[in-house]
Amino acid sequence: FQPIANLETSWHHYFLMGVNDFATGAFNSDVVGVVLEEFRDRPKEERNAAELERAFAQIKEKGLIGYPVFLLKKLTMTFNDGTFCWNKEGLFFRDYYYPISDADAFTVFLRDCFWPNYKYSGRVNTYSQLVWLFTLLGIHGFCFFGKKRKCPECSLIQLSLLGIFFYIMLFEARARYLLCFWPLYTLAAVLGYDRYEEALTDLRNRRKRIQNRKIQL
């Protein structure tokens, strides 16, 4: 394999990919084919400049209302599936199917859970979606509750979440790209539910104080 230096892609390419309408900002082979074919024998700097120009042209074409709507669709496409689009994209694992008769019981169980249309795959997908919904709810609590408490570590986690969000919105996005960030989501969700509990406790204490004042009056 001999790499072709002037065809290596940079952030300009993924920025252009992130604004294509056909795949809602996900991978689109047409974008890759057209751009790389057109600039195959030209300097990489020319391709980078052309990709930026085309990306901004598409954003301008979408308009002041159309671009935010596009980003909302892109956000939904990326964050709406608790399985991270398992069995919908990145289907490379299908190349490794082999007869189930030569597998032990645990392997059979795993296949029943994760292979498409097998015994437990529907249940696993449902549970994954529920876990993901509760994770997103916990992240909401972490980001918007407990603002009075000073926590440098929490600020770092919030900044990381913000960075992930902008990364997904600006560049090529796919649901499975979120999988590597799962530990961070889990940590933020746990801290979020802790803040929910603190908020509910503060609310109960406030009501008790109000009731005590009324009794004293």
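For the residue classes used below, Ala, Val, Leu, Ile, Met, Phe, Trp, Tyr, Cys and Pro count as nonpolar, Asp, Glu, Lys and Arg as charged, and the others, Gly among them, as polar. The structure in these exercises is a predicted model.

**Exercise 1.** Describe the largest pocket by its volume, its lining residues and the elements that supply them.

*Solution.* Start with the space itself, which in the largest pocket comes to about 530 Å³. Next, turn to the lining, where 26 residues take part, and where T83, F84, C85, W86 and N87 are the closest to the centre. Then assign residues to elements: α4 (105-114) and α5 (121-144) are the ones that give two or more residues to this lining, and α5 gives the most, with 8 residues. Finally, sort the lining of the largest pocket by class, which yields 14 nonpolar, 9 polar and 3 charged residues.

**Exercise 2.** Carry out the corresponding description for the second largest pocket, and state how many charged residues its lining has.

*Solution.* The volume of the second largest pocket is about 390 Å³. Its lining is made up of 14 residues, and those closest to the centre are F79, I139, C143, L161 and F165. When the elements are considered, α3 (44-79), α5 and α6 (152-170) each provide at least two lining residues, while the most come from α5, which gives 6 residues. In the last step, the classes show 12 nonpolar and 2 polar residues in the lining of the second largest pocket, with no charged residues.

**Exercise 3.** Which element gives the most residues to the lining of each pocket?

*Solution.* For the largest pocket the element is α5, with 8 residues, and for the second largest pocket it is again α5, with 6 residues.

Technical notes: Residues are numbered from 1 along each chain as its sequence is written. This is a predicted model: local features need pLDDT of at least 70, side-chain atom pairs count only at pLDDT 80 or more; totals for chains, interfaces and linings use all residues. Side-chain values use heavy atoms; hydrogens and water are left out. On a 1 Å grid over the protein atoms alone, a cavity is a set of points where a 1.4 Å probe fits but cannot get out, and a pocket is an open set with protein on both sides within 12 Å along at least five of seven lines; lining residues have an atom within 4 Å of a point. Grid points are joined across faces, edges and corners, and a volume is the space filled by probe spheres set on the points. Helices (H or I, at least four residues) and strands (E, at least two) are DSSP runs, numbered from the N terminus.
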